[in-house]
Amino acid sequence: MPAPDAPTAFPWRRALVWAAAAIAVVALVLGTAIALLRPSGDSPQARPTPTAPSADDSARPADWSPHRPGIHLTPGENWMNDPQKPFLLEGVWHYYYLYNADYPDGNGTAWYHATSTDLVHWKDEGVAIDKYTNGLGDIWTGTAVVDEKNTAGFGEGAVIALVTQQVDGVQRQSLFVSRDGGYRFESFEGNPVMDNPGVADWRDPRVFWDDAAGHWVMALAEHDRIGFYTSPNLRDWTYTSDFVTTDLGVLECPDLFPMAVDGDPDDVRWVLVAGANGAAEGKATGTAYWVGEWDGERFTADGTGHQWLDQGPDYYAAVTWDDPRLDETDRLASRYGIGWMNNWAYAGRFPTEDWHGGSDSLVRQITLRDDDGRATLHSTPAPALDAVSGDPERLDDARLGDGEVVDVAVPRSGAYRLRLDAASPAGELRVKVLTGDGSFATVGYDFEAQSVFVARDADAVAGTMPDAYREVRTAAVESTDGRIALDIVVDAASIEVFAGDGRAALTMATFGTTGARGLQLEGAREEVAVTGASLTPLRVAPVERESPRG
């Protein structure tokens, strides 16, 4: 997928779509002693030194670069971008992402493959769909589905991928088939299955089987609209309708799915998602969505307008999926989600050397809730994160006056989860993630403005990045009785924030130096009370990368 319209994007971003090789998230980590130290006077000299992590704390592999995350998927080298919706086959999740092995000297993306049984630990499976092999160009975003009913004629259980290919500026939809369970695909001899009707932006097919209608459905990004198509066999597609937007730039990476409001199977809505440009609203590019109804051929929004799945700067090309092992009620109650943690305004400028393109977000759990009469998606870390969590360390309650600071010692790996409640009449809590040599990124909540925010204008690379990188990003989240809950996941090069029990999520990449990492809690304006805080070290088992297929 090319980059969407963005005021600060590089001139090459629409012409080149790069991605990268191999996942190399590997860390055996943590088991840490962490203590929150109360402020003890106005003088900095009066404040105690934070407790150091214990000797058995984390060993980041010696050959890891400073920015290699411990709990997020990253390629081993080269470039990665768009996630592709996973599917489950015989108890194994199959996940793909766009990948360019020729970065930075050559163009074009392939589909790179990883598998998992828990959406936390991953196995590298190599390239599944090669680029530039059938005369129609490289491989962009699409959807892989298991054709259980043999509708396409390749056999029951064949894995079919519908993807965008681009050559000479023309985008078409092609079909690839895998007969080995999604490890390797071959091009269908009848490609393209959808030829371009003369539209410049015509890409990113999202495909699913509609049980109620009895046919396949495709949502396709078509500049300022999402087009809908139906098919009996994944080969022959008929246009049925479109959904038009305004002031959101060029749409990409659509998604369409049903969800039950507050888990109620008698109150099911449909959610339409798309990658969008929020510049007209003072936001970055991100993932917008609408709630409405689907009749098998047409989506009708409920009239409440679009919302944002994540309001940070770095959550794009997101995909969602459910777990087919659950019963229908549970499948409608929650979904998983994952996004690309990057932004086309500065995508090629991250200071990583051994790989490029950033990383994927954590896998999240997504629910649809009734928030004061408006159906709203909530996001929290998926429960599977518990599998890589150490023992949480309870932190002392604290009252922070204007400028008062408490220090928290963190694992040397830099991977941890901070959860807390904060309360204040009109103060501001600032959580400073110290990234070495005096640089830091900030997560905060402003009780007067009733908003959560993230900022990285003081991190180690902000001075070399464009304005879009340095802008503060906010999300309106009302406190409850003057109190807000924050759930913050920190890794070596990213911060993911979940505020108000998931009512808002904000994701940002952030980069430090080789200096010591740390964490500070700071009050501003009026006193802020911090209670119920805990810090949990996060660890991950090595990704299996030996002898990948392909």
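Strand S23 gives the largest share of the lining of the second largest pocket, five residues. Strands here, like helices, are DSSP runs numbered from the N terminus (E, at least two residues, for strands; H or I, at least four, for helices). The model is a predicted one, in which local features need pLDDT of at least 70 and side-chain atom pairs count only at pLDDT 80 or more, while totals for chains, interfaces and linings use all residues. Residues are numbered from 1 along each chain as its sequence is written, and side-chain values use heavy atoms, with hydrogens and water left out.

Let us stay with that second largest pocket for a moment. A pocket is an open set of points on a 1 Å grid over the protein atoms alone, with protein on both sides within 12 Å along at least five of seven lines; a cavity is a set where a 1.4 Å probe fits but cannot get out, and lining residues have an atom within 4 Å of a point. Grid points are joined across faces, edges and corners, and a volume is the space filled by probe spheres set on the points. By that reckoning the second largest pocket holds about 510 Å³. Its lining has 21 residues, with Gln307, Asp371, Thr376, Ala476 and Arg503 nearest the centre. At least two lining residues come from each of strand S18 (307-308), strand S22 (364-371), strand S23 (374-381) and strand S34 (504-509). Sorted by class, this lining has eight nonpolar, seven polar and six charged residues. In this scheme Ala, Val, Leu, Ile, Met, Phe, Trp, Tyr, Cys and Pro are nonpolar, Asp, Glu, Lys and Arg are charged, and the others, Gly among them, are polar.

Now turn to the largest pocket, with a volume of about 1,200 Å³. There are 40 residues in its lining, and Phe208, Trp209, Asp211, Asp322 and Arg331 lie nearest its centre. Several elements each supply at least two lining residues, among them strand S2 (75-89), strand S10 (203-210), strand S19 (316-321) and helix H1 (328-333). The class count for this lining is 23 nonpolar, four polar and 13 charged residues.

Strand S19 is also home to Ala318. At 3% relative accessibility Ala318 is buried, a word that means under 20% relative accessible area, with exposed over 50% and partly exposed in between (1.4 Å probe, protein chains only). Beyond its neighbours within four places in sequence, Ala318 is in contact (heavy atoms within 4.5 Å) with Cys253, Thr287, Leu309, Ile338 and Gly339. The C-alpha atoms of Ala318 and Gly339 are 4.0 Å apart, although 21 residues separate them along the chain.

Two threonines make good companions to Ala318. Thr230, in strand S12 (residues 225-231), is buried at 10% relative accessibility. Not counting residues up to four places away in sequence, Thr230 touches His215, Trp216, Val217, Asp236, Trp237, Thr238, Thr240 and Gly296. Thr536 belongs to strand S36 (residues 528-537) and is buried, with a relative accessible area of 2%. With residues up to four places away set aside, Thr536 touches Ser389, Gly390, Pro392, Tyr416, Arg417 and Arg419.

Next comes an open sheet of four strands, in the order S6-S7-S8-S9 with antiparallel pairing. Its edge strands are S6 and strand S9 (186-187), each of which pairs on one side only. Two strands pair if DSSP finds at least two bridges between them; nine bridges join strand S7 (residues 158-167) to strand S8 (residues 170-178). Gln165 stands opposite Arg172 in S8.

Aromatic residues offer another route through the model, which holds 25 aromatic pairs. In the pair formed by Trp79 and Tyr103, the ring centres are 5.0 Å apart and the planes are at 35 degrees, so the pair is tilted. Trp79 lies in strand S2 and Tyr103 in the loop between strand S3 (92-100) and strand S4 (110-116), so this pair ties together parts that are 24 residues apart in sequence. Rings of Phe, Tyr and Trp (its six-membered ring) pair if their centres lie within 6.5 Å; planes under 30 degrees apart count as stacked, over 60 as edge-to-face and the rest as tilted. Both Trp79 and Tyr103 are buried. One aromatic cluster is formed by Tyr95, Tyr97, Tyr99, Tyr112 and Trp122.

Finally, the structure holds four cavities of 30 Å³ or more. The second largest cavity has a volume of about 80 Å³, and its lining includes His67, Met341, Trp355 and Phe511. That lining divides into seven nonpolar, five polar and no charged residues.
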